[in-house]
Amino acid sequence: MRFLIENRRWLATGVLLTFASSFGQTWFISLFAGEIRAAYGLSDGGWGALYTIATLSAAALLFSRGALADTMALSKLVPLVAGFFALAALGMAFGNSIWLLGVAVFLLRFCGQGMFSHIAMTSMGRWFVATRGRAVSISALGYPLGEIALPLITVFAIGWLGWRQVWVAVAVLLVAVIIPVLMLLLAEDRAPAGRAEGGGAPGLQGRHWTRAEVLRHWLFPALIPLILTPGFIGTVVFFHQVHVAEIKGWTLAQMAPAYPAFAGTTVVTSLIAGWACDRFGPERLLPIAVVPMGLAMFLIGPAISPWTWVLALGVLAVTQGMVGALWGALLPALYGTAHLGSVRSLMTSLMVLATAIGPGLTGLVIDAGIDFPAQGIAMGVWCLGLSVVMTLVWRRLAAEAA
């Protein structure tokens with residue numbers, strides 16, 4: 001409680017950023033999938049391809065501009081990104097062509113899943129050291145809070161107001177509430193001017209690593225499969241929920257309890273994982289992080305009742321809670337904080353890349369006649385195999401650190 005009270009301004013900033021990122025997350029955009037496909041005449045594969053192109057573009061821009069979190073005052077950077085976020089929502093509301101839809105989705109992905117998440121986690125990694133795991137896990141609570149609060153409200157609002165009007169409401173919320181509150185919280189900057197010149201905590205070998213040095217070291221390439229997998233699988237599960245509902249004969253209302261189950265499990269797991277990172281070291285989560293995700297994918301295929309879907313997402317959330325705390329604590333511990341924004345933008349770009357590839361690839365496979373639940377079996381096998389590989393990575397990292 002003392003930790004929460006003393007750091008309330010900084011932790012609230014992180015929670016609000018991750019909560020507001022919801023409007024650019026796949027699970028939120030996918031709630032409009034049926035209406036978007038109908039309005040623009042898109043198939044599952046066509047919608048997935050557009051989403052992939054927009055998200056790949058967002059990942060490329062994030063890679064080149066993610067270092068702004070190191071060099072630009074957050075009190076200026078955050079409102080700037082939020083302003084473009086609001087414009088993206090208006091683009092969804094008033095767009096009348098495939099091109100405008102693509103630009104709007106691109107900005108949603110770049111500002112929401114990309115920059116808002118990137119700024120939140122980079123700030124926590126820089127602002128905290130001994131309690132970094134707890135700070136990251138608390139900041140990440142904005143993700144499940146969004147998943148709890150928004151889906152049912154959004155589904156109801158789409159039916160009552162219309163899907164375009166809901167996006168107008170999102171833009172108004174960003175401009176009238178999110179931006180003013182964030183500006184108030186960031187009026188006092190914990191890291192002077194949002195910069196890293198003050199030193200900070202070093203990483204491996206007692207130094208601060210640049211992005212080029214990170215890429216030349218063996219560890220980061222070895223971690224790439226683990227960086228990609230949760231984003232890929234977590235994205236396609238939510239992206240194709242309408243498709244799953246259609247082939248299972250369920251309604252979105254019947255599947256809606258999965259959101260609080262997912263979010264609640266994410267909250268509990270994230271807090272436990274944050275404590276474990278501070279107590280035992282974040283690297284110890286590497287071998288076990290994707291095991292629950294693999295088990296969840298085995299549940300979706302044979303599911304008959306929508307309650308199995310709820311159970312599957314609850315198990316999937318264990319992985320999502322762990323990896324949020326894992327990367328938020330591991331990257332600054334490995335590579336230091338002086339160039340954390342630049343280094344983390346590399347990882348975040350890869351995560352966004354995974355979320356870009358997933359919908360397009362799995363959408364094409366669906367169009368080829370293999371439904372998503374059947375694809376889930378292969379994803380489950382991949383997760384279990386990746387766990388074995390990460391055990392070897394963890395052992396080598398422990399030996400090198402020693």
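Five residues, Leu80, Phe84, Leu87, Leu90 and Phe94, make up a nonpolar patch on the surface, and together they offer about 500 Å² of accessible area. The structure is a predicted model, so please read the notes below with that in mind. They start at this patch and then move to some buried positions.

**The surface patch**
- Leu87, one of the patch residues, sits in helix α7, which covers residues 74-94.
- In an α-helix, residues three or four places apart point the same way, because there are 3.6 residues a turn.

**Ile119 in helix α8**
- Helix α8 spans residues 98-127 and includes Ile119.
- Ile119 has a relative accessible area of 1%, so this residue counts as buried, the cut-off being under 20%.
- Setting aside residues up to four places away in sequence, Ile119 touches Leu17, Leu74, Leu77 and Val78.
- Between the C-alpha atoms of Ile119 and Val267 there are 20 Å, and the two residues are 148 places apart along the chain.

**Thr13 in helix α2**
- Thr13 belongs to helix α2, residues 8-20, and is buried at 3% relative accessibility.
- Beyond its neighbours within four places in sequence, Thr13 makes contact with Leu182, Leu185 and Leu186.

**Helix α9, an enclosed element**
- Helix α9 runs over residues 132-139 and is largely enclosed by the rest of the structure, because seven of its eight residues are buried.
- Those buried residues are Arg132, Gly133, Ala135, Val136, Ser137, Ile138 and Ser139.
- Their packing partners are helices α1 (2-6), α2, α8, α10 (142-161), α16 (258-280) and α18 (306-335).

Key: Residues numbered from 1 in each chain as written. Predicted model: local features only at pLDDT ≥ 70, side-chain atom pairs only at ≥ 80, totals over all residues. Heavy atoms only, no water. Patch = residues over 30% accessible without salt bridge, like charges linked within 9 Å, V, L, I, M, F, W, Y side chains within 5 Å. Areas by Shrake-Rupley, 256 points an atom, 1.4 Å probe, with all protein chains shown as cover. Salt bridge = Lys/Arg side-chain N within 4 Å of Asp/Glu carboxyl O. Helix = DSSP H or I, 4+ residues; strand = E, 2+ residues; numbered from the N terminus. Buried < 20%, exposed > 50% of the residue type's maximum accessible area, 1.4 Å probe, protein only. Contact = heavy atoms within 4.5 Å.
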